[in-house]
Structure formats: structure tokens, C-alpha cells
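User: I am new to reading protein models. Can you walk me through one, feature by feature?

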Amino acid sequence: MTAGTTAGGPTIGLLGVPTSAGSHNAGQEKAPAALRSAGLVEQLAERGAGVRDFGDLPVARHRPAERADGVRDLGRVRMVAGQVADRVGEIRAAGLLPLVLGGDCTITLGVVAGLARHDDVGLMYFDGDADLSTPQTSGSGVLDTMGMTHMLGGGVAALSGFGPRQPLVRADQVELFGFDPDELDTGEWTRLTGRNLHATPAPAVRQDPAGRAADALSRLAARSDSVLVHFDVDVLDTGAFPLANFPHFAGLTLDEAASCLGVFCRSAKFAGLVVTEVNPDHDPDGVLLPALVGMLCAAVAG
Ligand SMILES: [Mn+2]
């Protein structure tokens, strides 16, 4: 029996991670509370999902930090990732499916690390970016542009060696899915191809969202005990759905993303979902957050 399918009891372990420590500005730390206010827990229950709420971790709001070893605010990012790993490990040990509400993308290191204590987990990286920049080549030093680099064992030692195995994910246990090919610089493309990473950029997804999702999923499921889904809302087109912390104007529609997420979450190997980069300040009329919550609940508990 896969984690989270225990009959009769709670199936989802909900965790909020209110952090923007790995971002370039504040705002994302407000997302867990905003997603809860938009009815996430109630809608999951209405759909028949059992939810055990593990609450939110302490707030880690972005603050200006000098660049050191090529990155900013490493200590706080590492601390939050450690807290996430411990809590996700508990959720998984309880037989529940983690649903983790970020927070910036660096929290995914913690989620993978928590699951990797139990399973040979693979990662569906559903994101507007590949996050393959490095401390040496990044113009900003902002850590949430480097998450994939660190999970693959590169970057700064405090993060490349994070978790129960090194690298945290093998290159053949990653699917980069939905990114905008124009967002990657030459160095990122070089690392993507150099590591033979499987990649399905947004234009390919758009041709056949559910079909491409099934293809990527089958590759990943063949190489992993379980599949964690990282969903960065910046994979959505900012022109239509401007909720992400950073704009991406060649992204997917909400319906396209919903088709893909539905495929991923229905997998027998589905092991959890991380939602990142939501900035509630970008939804002053309260329209986008409920739409996102509805889509997430349909995918996870549809
Ligand atoms: Mn992104």
C-alpha cells in the first residue's frame, strides 16, 4: 500500500512552510496562511480526503543578506530545509502523503530529504524554471534559483550534502517539466544536457498536457520507488494568472497545469506535493488564490 492510502484514516499530512529566506524579496512567507484562508483544508475534506494538519513552521521572512560563497542567507535556508525534512519524515513515517505549502523553492530540498529517509524518491520538477544556476554563475546569489543544482550534488557544500544521500536525487530521477526554455541561460542548458536530464519544456507540454505528463511520469516511476511533485506556480502564464512571486509570460494556463497535476497525483507512486512561489500580495482581489486552491484540491483529492 502506498503512503497515504490507509483506509479509513487521514491520508494527507498538511504542512505550511512560511519562508521567503531563499527568495529575492519578501511575500511568499504569507502563502501558507493565504492558502488556508482560501479554503484549502475545507475543500480537501469536502472531496473526501482525510487531512491531518501539522500546522506551519516558524516564519522565515526574506531579509537582505550579503553574498557569501556566492549565495545569500545560506544559514537560514539550510535551517528551514532541515525543519522541513524532519517534519516531512514524520508525515511519511505516519503513512500520510505530505502536502507542503511554501514558501520559496528551496523548501523542496527539505521535502525530498524527508522522503528519501524512507524511499528511493524521484522528483517531478513542475516549474517555470530549471533552477540550475550556480553560486559561481548566478548574477543574484539567490538560492531559490539553484535548487536543482543543490539536489543534484553541486553548489555550496551545506546544501549539496544535505539529506540522507548524496546527491539528494540522481540525474535520472529528475524530470524537468513545464519550464520556459527562454528562461534558461547558456550555462543552465549546458548543465541540463551535460547531466542528461529529462526535460519537457512548456511548448512541448502545451501540445498535449496530459499525454506529456504521463510520458514524464512513466519515465520517473520506472526509476524510483515513489514520486514527489514540486509545483511552482510560476509555471503558469503571468499574463493570465499573475500569482507567482516572479513573472513568467510564456507559461501554461491553469487548465493545462491542472491536467498535468491530475496525472501526477493519480499515480500509484505519488508520494507528495510541494507548492511554491505563491505571493498572496499579487492577489489583492482574492480571485487567484481560490482558483489555485480549487485546482490543487481537485488534483490531490479529485
Ligand atoms: Mn520557478
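User: Which residues coordinate the manganese ion?

Analyst: A donor is an N, O or S atom within 2.8 Å of the metal (3.2 Å for Na, K and Ca); water is not among the atoms, so sites may look incomplete. Here the manganese ion is held by OD atoms of Asp127, Asp129, Asp232 and Asp234, with Asp234 listed twice, at 2.1 to 2.8 Å. This is a predicted model: local features need pLDDT of at least 70, side-chain atom pairs count only at pLDDT 80 or more, and totals for chains, interfaces and linings use all residues. Residues are numbered from 1 along each chain as its sequence is written, and side-chain values use heavy atoms, without hydrogens and water.

User: How are the donor residues spaced in sequence?

Analyst: The pattern is D-x1-D-x102-D-x1-D. Asp127 and Asp232 are 105 residues apart and link distant parts of the chain. Asp127 sits in the loop between strand E6 (121–126) and helix H5 (147–151), and Asp232 in strand E9 (residues 226–232). Helices (H or I, at least four residues) and strands (E, at least two) are DSSP runs, numbered from the N terminus.

User: Are Asp127 and Asp232 buried or exposed?

Analyst: Buried means under 20% relative accessible area, exposed over 50%, partly exposed in between (1.4 Å probe, protein chains only). Both Asp127 and Asp232 are buried.

User: Why is helix H4 called largely enclosed?

Analyst: Count its buried residues. In H4 (residues 107–116), 10 of the 10 residues are buried, so the rest of the structure largely encloses the helix. Ile107, Gly110 and Leu115 are among them.

User: Which residues are closest to the centre of the largest pocket?

Analyst: On a 1 Å grid over the protein atoms alone, a pocket is an open set of points with protein on both sides within 12 Å along at least five of seven lines; in a cavity, a 1.4 Å probe fits but cannot get out; lining residues have an atom within 4 Å of a point. Volume is the space filled by probe spheres set on the points, which are joined across faces, edges and corners. The largest pocket holds about 440 Å³. Of its 24 lining residues, Asp129, Asp131, Asp144, Thr145 and Phe246 are closest to its centre.

User: How many cavities of 30 Å³ or more are there?

Analyst: There is one. The largest cavity has a volume of about 30 Å³. Its lining includes Ile12, Leu97 and Phe270. Strands E5 (97–101) and E10 (270–276) each supply at least two lining residues.

User: How many helices and strands does the protein have?

Analyst: It has 11 helices and 10 strands. Buried residues make up 60% of its 302 residues.
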